[in-house]
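Subject: Structure for you to look through

Dear colleague,

Here is the structure I said I would pass on, and below it I have set down what was found in it. Please keep it open beside you while you read.

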Amino acid sequence: MHKDKCECKDLTIYPVNVNEERLNVKDKYPLPKMPFFMVILGRVAAGKSCILNSLTLSPRFYRDDFGVKILISPTALSDPIMQHMVEHFDFVFTEYSDELLDEIISMVEDDENGERYLLVL
């Protein structure tokens, strides 16, 4: 056997050992730890808004984990299911634009308090 060939065939990827206390992440198993990206897909009236309301407004889920909540939805003001989110989110926009996203990014970057932001589209 040649010297440059490894006889080891273990291709297992092992987790990185990290001190979880230093990450400042609350364990909400089975929900994803923050930060996270979540996509909820479904047909009309499948319960997407109901799930979203629970995830963002219930203290059992993520309600108290975000300092600033931003909602961008063309139907936010006309959909009765979104009423509670409209009432409890800090910012509600009914139109998306690249300029709006740039403003939100600037707001997050300039935040001196280190708040956690929730952006729902």
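Please bear in mind throughout that this is a predicted model. I start with the aromatic rings, and then go on to the core, the overall layout, the largest pocket and one backbone detail.

The structure holds three aromatic pairs. In one of them, the ring centres of F91 and F93 are 6.5 Å apart and the ring planes stand at 5°, an angle under the 30 degrees that serves as the limit, so this pair is described as stacked. As for how far these two residues are covered, F91 has a relative accessibility of 33% and counts as partly exposed, and F93, with a relative accessible area of 26%, is partly exposed as well. Elsewhere, F36, Y62 and F66 are linked by ring pairs into a cluster.

Two members of that cluster, Y62 and F66, come up again in the largest nonpolar core, which has 14 residues; the members that touch the most others there are Y62, F66, L71, M85, F89, L118 and V120. Two elements, α1 and β3, give two or more residues to this core, and α1 gives the most, with three. Apart from this core lies another one, of five residues, which include V68, I70, I72 and L100. As background, nonpolar side chains tend to be buried together in soluble globular proteins.

Which residues does F89 contact, if its neighbours within four places in sequence are left aside? They are T56, L57, K69, I70, L71, L118 and V120, so you may find F89 a useful residue to select on the screen when you follow the list.

Turning to the layout, the protein has three helices and three strands, and from the N terminus on these elements run α-β-α-β-α-β. Of its 121 residues, 21% count as buried. If you take the contacts between residues at least 6 apart in sequence, 50% of them join residues that are at least 24 apart. Within α1, the residues that are buried are L52, N53, L55, T56 and L57, and these pack against β1, α2 (83–88) and β3.

The largest pocket holds about 920 Å³ of space. Its lining is made up of 31 residues, and those that lie nearest the centre are M38, L52, L119, V120 and L121. At least two lining residues come from each of α1 (48–57), β1 (68–72), α3 (98–110) and β3 (117–120), while the largest share, five residues, is supplied by α1. By type, the lining divides into 24 nonpolar, four polar and three charged residues. You will notice that L52 is both a buried residue of α1 and one of those nearest the centre of this pocket, and that V120 appears in the largest nonpolar core as well as in the pocket lining.

Finally, please look at A45, which is placed in the segment before α1. A45 has a positive phi of about 65° although it is not a glycine. For comparison, most residues other than glycine have a negative phi. With a relative accessible area of 69%, over the 50% limit, A45 counts as exposed.

With best wishes

Conventions: Residues numbered from 1 in each chain as written. Predicted model: local features only at pLDDT ≥ 70, side-chain atom pairs only at ≥ 80, totals over all residues. Heavy atoms only, no water. 1 Å grid on protein atoms, 1.4 Å probe; cavity = no way out; pocket = protein on both sides within 12 Å on 5 of 7 lines; lining within 4 Å. Points joined across faces, edges and corners; volume = space filled by probe spheres on them. Helix = DSSP H or I, 4+ residues; strand = E, 2+ residues; numbered from the N terminus. Nonpolar A, V, L, I, M, F, W, Y, C, P; charged D, E, K, R; others polar. Phe/Tyr/Trp six-rings, centres within 6.5 Å; stacked < 30°, edge-to-face > 60°. Buried < 20%, exposed > 50% of the residue type's maximum accessible area, 1.4 Å probe, protein only. Core = buried A, V, L, I, M, F, W, Y, C linked by side-chain atoms within 4.5 Å. Contact = heavy atoms within 4.5 Å.
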